[in-house]
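The following note is offered for consideration alongside the coordinates. It takes up charged pairs, a buried helix and a sheet in turn.

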Amino acid sequence: MGTIRRITAITPTKRNPQRATVRVGAKVVATLSIKLIAELGLKVDQAWDEALGAQVAEAVVYDKAMREAIRRLNRRAMSRQQLDHKLRDLGHDQRVRVRVLDRLTDLNVLNDEAFGRALIRDTQLRKAAGPKLLRAKLTQCGLERMLVDRLVEQATGGHDLVSEAAALARRRMRSMRRLDSVGRKRRLWGLLARRGFDPDTIEQALQQLPAVNNVEPGNEQ
């Protein structure tokens, strides 16, 4: 019979005491978080067989994906879909990605609702923003449609969008003094449309500005 292989050492790393190397004989077989080592039930002098080796190898892959996910979230907030795509691009398979994403969601590190609210807040702080723009930004980040609809409604439902659009147009008009009223209106229509306001809101907003006539863009002679 062959000699039974055993775990000979579990040693915290110098760089991070919350991580440790696992040795079988003289060979380092894994470096994992102390938490994962505890979850796996690894102990010094424990017999090392093929089944345990497979478990540890799976844990190493998960640990790597988790650390890569956290590094990216530390750089900037991300939605679940955005982080999933990052991990996919790094070569992690779907099973590992789902496990990582679910764990980060359980820890509230990954929260699409909080992410969406922050994105809306940042967008509105820069300039007035209509529902179309907010919806487009949230959808591009991969948030679910029902969540997008709810967040946009909460963000804009109690707002006077006409007044917000008019205020944005009024500020922008200061740089359009050399244009005639038709030119100003064309520019302002484009601005407000890009900021997500619908045509009715835009028209009502521009009617509040004496320096802009009511000729529809494209209908001037």
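In which helix do K35 and E39 lie, and how many residues apart are they? The points below begin with that pair; the model under review is a predicted one.

1. K35 and E39 are both found in helix α1, which covers residues 34-40. They are 4 residues apart, about one turn of the helix. Their side chains form a salt bridge with an N to O distance of 2.4 Å. As to exposure, K35 has a relative accessible area of 48% and is partly exposed. E39 stands at 51% relative accessibility and counts as exposed, because the class begins over 50%.

2. The pair just described is part of a wider set, as the search of the whole structure returns 11 salt bridges. One of them joins R19 to D63, with the closest N and O atoms 2.7 Å apart. This pair links distant parts of the chain: R19 belongs to strand β2 (residues 19-24) and D63 to helix α2 (residues 50-75), with their positions 44 residues apart in sequence. Are R19 and D63 buried or exposed? Both residues are buried.

3. A further salt bridge connects R135 and D149, whose closest N and O atoms are 3.4 Å apart. R135 is in helix α6 (residues 131-140) and D149 in helix α7 (residues 145-156), so the contact ties together parts that are 14 residues apart in sequence. R135 is partly exposed at 32% relative accessibility, and D149 is likewise partly exposed at 32%. Salt bridges with shared partners also combine R19, D63 and R67 into one network.

4. Helix α10 (residues 199-207) deserves separate comment. Its buried residues are T201, I202, E203, A205 and L206. These buried residues pack against α8 (161-172) and α9 (181-194). At the N-terminal end of α10, D198 acts as a cap: one of its side-chain oxygens lies 3.0 Å from the backbone nitrogen of D200.

5. The packing can be followed from the side of α9 through L192, which is located in that helix. Why does L192 count as buried? Its relative accessibility is 0%, and buried means under 20%, so L192 falls in that class. Which residues does L192 touch, leaving aside its neighbours within four places in sequence? They are A165, L168, A169, F197, I202 and L206. Of these, I202 is 10 residues from L192 in sequence, and the C-alpha atoms of the two are 6.5 Å apart in space.

6. The sheet is open and consists of 3 strands in the order β1-β2-β3, with antiparallel pairing. β1 (7-12) and β3 (27-33) are the edge strands; each has a single partner strand, so one side of each has no neighbour in the sheet. On average, neighbouring strands are turned by 20 degrees against each other, direction ignored. In general, strands of a sheet pair through backbone hydrogen bonds, in a parallel or an antiparallel arrangement.

7. Within this sheet, β2 and β3 are joined in the antiparallel sense over 6 bridges. A20 has L32 of β3 as its bridge partner. Helix α2 lies across β2 and β3 and runs at about 45 degrees to β3. The R19 to D63 salt bridge should be read in this context, since D63 belongs to α2 and R19 to β2.

Key. Residues numbered from 1 in each chain as written. Predicted model: local features only at pLDDT ≥ 70, side-chain atom pairs only at ≥ 80, totals over all residues. Heavy atoms only, no water. Salt bridge = Lys/Arg side-chain N within 4 Å of Asp/Glu carboxyl O. Helix = DSSP H or I, 4+ residues; strand = E, 2+ residues; numbered from the N terminus. Buried < 20%, exposed > 50% of the residue type's maximum accessible area, 1.4 Å probe, protein only. Contact = heavy atoms within 4.5 Å. Polar contact = N/O pair within 3.5 Å; in protein donor to acceptor, adjacent residues only side chain to side chain. Pairing = 2+ DSSP bridges. Axes fitted to C-alpha atoms, helices over the stretch in contact; angles between N-to-C directions.
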